[in-house]
Amino acid sequence: MTARSLTLGYVPGGTPAKWARIWAQRHPDVLLQLTSVPAADAAAAVRAGTVDVALLRMPTDTSGLAVIPLYEETTVVVVPTDHLLTAADVVSAADLDDEPRLVPLDDVVAWPDAPGVLVEHRPESTEAATELVAAGLGVLIVPQSLARLHHRKDLTYRPIADAPTCGVALAFPDGSQSELLEEFVGIVRGRKPGSSRGQVEPKPKRTAREKTLAKQAARAAAGKNPRKPGPAKRGRR
């Protein structure tokens, strides 16, 4: 390995800690640098080489990148703890039809016809929108990980049963041959230590008879035919 570090970019709400821990165990001499990147800039950061690989949210422009879909996140609505919606464990889109809905400038939920009455003011960030929810100015629809990231004691969230999910994927330059990158992708895919892509399964052990026959065949090929037993010697009378 020529490079001695790998840079992983991750969007807010992304959780690369498990992969970083496994990487440190397997490659203690190679630094895995973690850097937070805005969701809107994650793909561009990979293309620009600012990061080697990124944990990003879909959909986004991934031209020039290889993309590995990882999982789908539940979409939730963030509300004050005393809101009527908290009476149910799960809500529907119809339950939100009359609710004022805050949409931050860094919104990542791809739901064009999301329910609710749009609040004209758009907060600068999801974090700022969360503060407005706490002030009673509206509800906020986000991926569950962002609701957890910006958790407050006076707020809670509920899954929206019929909302679209929020995809999370791993992206890196298309055609990259970096050995470090391949190692990291293997960790993300759950590959065990010492394994590799396309690794051939180990051959089963040969039996003792198979080993003997193989040795005889090797001697024969080398012109050393196995000795034939000679006539038994007679003992003296």
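Is Glu 73 buried or exposed? I shall open with that residue, then turn to the salt bridges, the sheet and the charged patches. Please keep in mind throughout that this is a predicted model.

The answer is that Glu 73 is buried, since its relative accessible area is 8%, and buried means a value under 20%. Glu 73 forms a salt bridge with Arg 57, and the closest N and O atoms of the two are 2.7 Å apart. This pair connects distant parts of the chain: Glu 73 belongs to strand β4, residues 65-73, while Arg 57 belongs to strand β3, residues 53-57, and they are 16 residues apart. Arg 57 also counts as buried, because its relative accessibility is 6%.

How many salt bridges does a search of the whole structure find? The search finds four, and I shall describe two others. One of them joins Asp 29 to Arg 4, with 2.9 Å between the closest N and O atoms. Here too, distant parts of the chain are linked: Asp 29 lies in the loop between α1 and β2, Arg 4 lies in the segment before β1, and 25 residues separate them. Asp 29 counts as exposed, with 54% relative accessibility, whereas Arg 4 is partly exposed at 38%.

The other salt bridge brings together the side chains of Arg 152 and Asp 154, at 2.9 Å from N to O. Arg 152 is partly exposed, with a relative accessible area of 31%, and Asp 154 is partly exposed as well, at 29%.

Let us now turn to the sheet. Five strands form an open sheet in the order β7-β6-β8-β5-β9, and their pairing is mixed. Which strands stand at its edges? They are β7, residues 117-118, and β9, residues 155-159; each has a single partner strand, so one side of each is left without a neighbour in the sheet.

The pairings can be followed from strand to strand. Strand β5, residues 75-80, pairs with β9 in the antiparallel sense over five bridges. Within that pairing, Val 79 has Thr 156 of β9 as its bridge partner. Strands β5 and β8 also run antiparallel, and four bridges join them; Thr 75, for instance, has Pro 143 of β8 as its bridge partner. By contrast, β6 and β8 run parallel and are joined by two bridges. In β8, Val 139 is the bridge partner of Arg 101.

Strand β8 itself deserves a further remark. Five of the five residues of this strand, residues 139-143, are buried, so β8 is largely enclosed by the rest of the structure.

Finally, let us consider charge on the surface. Where does the model show a patch of negative charge? Asp 95, Asp 97, Asp 98 and Asp 162 gather in such a patch on the surface. Asp 98 sits in the loop between β5 and β6, and this residue is exposed, with a relative accessible area of 74%.

A positive surface patch is present too, formed by Lys 18, Arg 21, Arg 26 and Lys 192. Arg 26 is found in helix α1, which covers residues 17-26, and is partly exposed at 31% relative accessible area.

To close, I return to the opening question: Glu 73 is buried, and its salt-bridge partner is Arg 57. Thank you for your attention.

Methods:
Residues are numbered from 1 along each chain as its sequence is written. This is a predicted model: local features need pLDDT of at least 70, side-chain atom pairs count only at pLDDT 80 or more; totals for chains, interfaces and linings use all residues. Side-chain values use heavy atoms; hydrogens and water are left out. Patches are made of residues with over 30% relative accessible area and no salt bridge: like charges are joined within 9 Å, nonpolar side chains (Val, Leu, Ile, Met, Phe, Trp, Tyr) within 5 Å. Accessible areas come from the Shrake-Rupley method with a 1.4 Å probe; for residues, only the protein chains shown count as cover. Lys and Arg count as positive and Asp and Glu as negative; His and the chain ends are not counted. The place of a charge is taken as NZ of Lys, CZ of Arg, CG of Asp or CD of Glu. Buried means under 20% relative accessible area, exposed over 50%, partly exposed in between (1.4 Å probe, protein chains only). Two strands pair if DSSP finds at least two bridges between them.
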